[in-house]
2 protein chains.
Amino acid sequence: MEFTRLAETRQSTRKFTGEAVDREQLNRCLKAAWLAPSANNSQPWSFVVVDDPKIKEQVTRETYSQLISFNKFATGAGAIVVLVIEKPKLISQIGGSIKKKEFSLIDIGIAAEHFCLQATEEGLGTCILGWFNEAPIKSLLHIPSSRNIGLLIAVGHPSDSTIREKKRKPWDQFCSFNQYGK
Amino acid sequence: MEFTRLAETRQSTRKFTGEAVDREQLNRCLKAAWLAPSANNSQPWSFVVVDDPKIKEQVTRETYSQLISFNKFATGAGAIVVLVIEKPKLISQIGGSIKKKEFSLIDIGIAAEHFCLQATEEGLGTCILGWFNEAPIKSLLHIPSSRNIGLLIAVGHPSDSTIREKKRKPWDQFCSFNQYGK
């Protein structure tokens, strides 16, 4: 699919059929993420794909509460992908520290989006989740305490394949040439 | 182009011909970035594309020094894109603050990569730069002092179109199913 069309087709899916996702499809999404660029090629990530129904249920239960229920839809996803932040190379750590920028977060955003774009090409739906209880998920998946989870991706078969129109800020607030805001 | 192929084709370009980049091509890359997802659809970014040769020279001069010269190649790029971090929506700010996560950095990584992937489809080369002197670039482009620059993208015509093989960590260190590292 032409890239702009792929970017238009990718959308946050919040209604899944509950069906499992084929491992071959998941592996192709992982492959796309594996190819993602990162600062100094540090690849400061590892991906844990949770598709075992019982573990998946335990993980999704940590993405919502009675009070904050907006992620409850994730229970219908075929898999939950957990992006673990791994230590970047020393040069990235030093650079990030001098420039006060956590390059790893930029990097995991890129890798996550590669996963989601391939999923779109596979006809799957995805939603990136930034809100979750980190400690119990780390414990469930045996993630070392020294690591942090960057984000989760819910991936599955969408109940509705209608492509919604994207709501984005006006073009002239989005970009300019040679001067800010002009 | 099929997405995995596009991800394989995208590579960091560090040798440019020095030619200008067509505004229509730049606008298609911007369109792809405009379509990028973000936490709560906050779109915490604006893009300043610097293609005026004089201003571009002034900006690129702030990406390297005598001591740290690895970004000097950027002088050959047809344009330098400056990603300004804009304030996210209040809900993202609160969520990020509670979860101690700067969602904006994840978001600008995604938007930057959309730009780079479309550039790849256009036959252009890109390189994301995380190392630059922020204050003088903000001053040059009249970026308000309240804003920060997330990253720069050098974009231009590559001198060499050979696709290098990607060096990535071993697959079993990259991903696992249902348990960390298994």
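Here are four short exercises on a predicted two-chain model, each with a worked solution.

Before you start, note that residues are numbered from 1 along each chain as its sequence is written, while chains are lettered from A and ligands numbered from 1 in the order in which they are written. Since the model is predicted, local features need pLDDT of at least 70 and side-chain atom pairs count only at pLDDT 80 or more, while totals for chains, interfaces and linings use all residues.

**Exercise 1. Work out how the two copies are related.**

Step 1: Lay chain B on chain A; a turn of 180 degrees and a shift of 0.0 Å along the axis does it, with an RMSD of 0.0 Å. The fit is by least squares on the C-alpha atoms of residues with pLDDT of at least 70 in both copies.

Step 2: The two copies are thus related as by a two-fold rotation axis.

Step 3: Now look at the contact, which takes 60 residues from chain B and 60 residues from chain A. Two residues are in contact if their C-beta atoms, placed from the backbone, lie within 7 Å.

Step 4: On the chain B side, α5(B) gives the largest share, 12 residues. (Helices are DSSP runs of H or I with at least four residues, strands are runs of E with at least two, and both are numbered from the N terminus.)

Step 5: 100% of the interface residues of chain B are also interface residues in chain A, so the copies meet through the same surface.

**Exercise 2. Trace the strands that pair with β1(B), and decide whether β1(B) is buried or exposed.**

Step 1: Strands pair if DSSP finds at least two bridges between them. Within chain B, β1(B) pairs with β2(B), residues 79-85, through 6 bridges in the antiparallel sense. In this pairing Ser46(B) sits opposite Val84(B).

Step 2: Cross over to chain A, where β5, residues 175-177, runs parallel to β1(B) and is joined to it by 3 bridges. Here Phe177(A) has Val49(B) as its bridge partner, and Ser176(A) stands opposite Val48(B).

Step 3: Check burial: a residue is buried with 20 or more other C-beta atoms within 10 Å of its own, exposed with 12 or fewer, and partly exposed in between, with C-beta atoms placed from the backbone. Trp45(B), Phe47(B) and Val49(B) point one way, Ser46(B), Val48(B) and Val50(B) the other, and all are buried.

Step 4: That's 6 of the 6 residues of β1(B), so the strand is largely enclosed by the rest of the structure.

**Exercise 3. Find the strands that pair with β2(A).**

Step 1: β1(A) is joined to β2(A) by 6 bridges, and the two run antiparallel. Val49(A) faces Val81(A) there.

Step 2: β4(A), residues 148-156, is also antiparallel to β2(A), with 7 bridges. Val84(A) lines up opposite Ile149(A).

Step 3: As for cover, 6 of the 7 residues of β2(A) are buried.

**Exercise 4. Describe helix α5(A) and what Phe115(A) touches.**

Step 1: α5(A), residues 103-121, has 19 residues and spans 28 Å from its first C-alpha to its last, close to the expected 27 Å. The expected span is 1.5 Å times one less than the number of residues.

Step 2: 19 of the 19 residues are buried, so α5(A) is largely enclosed by the rest of the structure.

Step 3: Leaving out residues up to four places away in sequence, Phe115(A) touches Cys29(A), Leu30(A), Ala32(A), Ala33(A), Val81(A) and Ile153(A).

Step 4: Just past the helix, Gly123(A) takes a positive phi of about 85 degrees.
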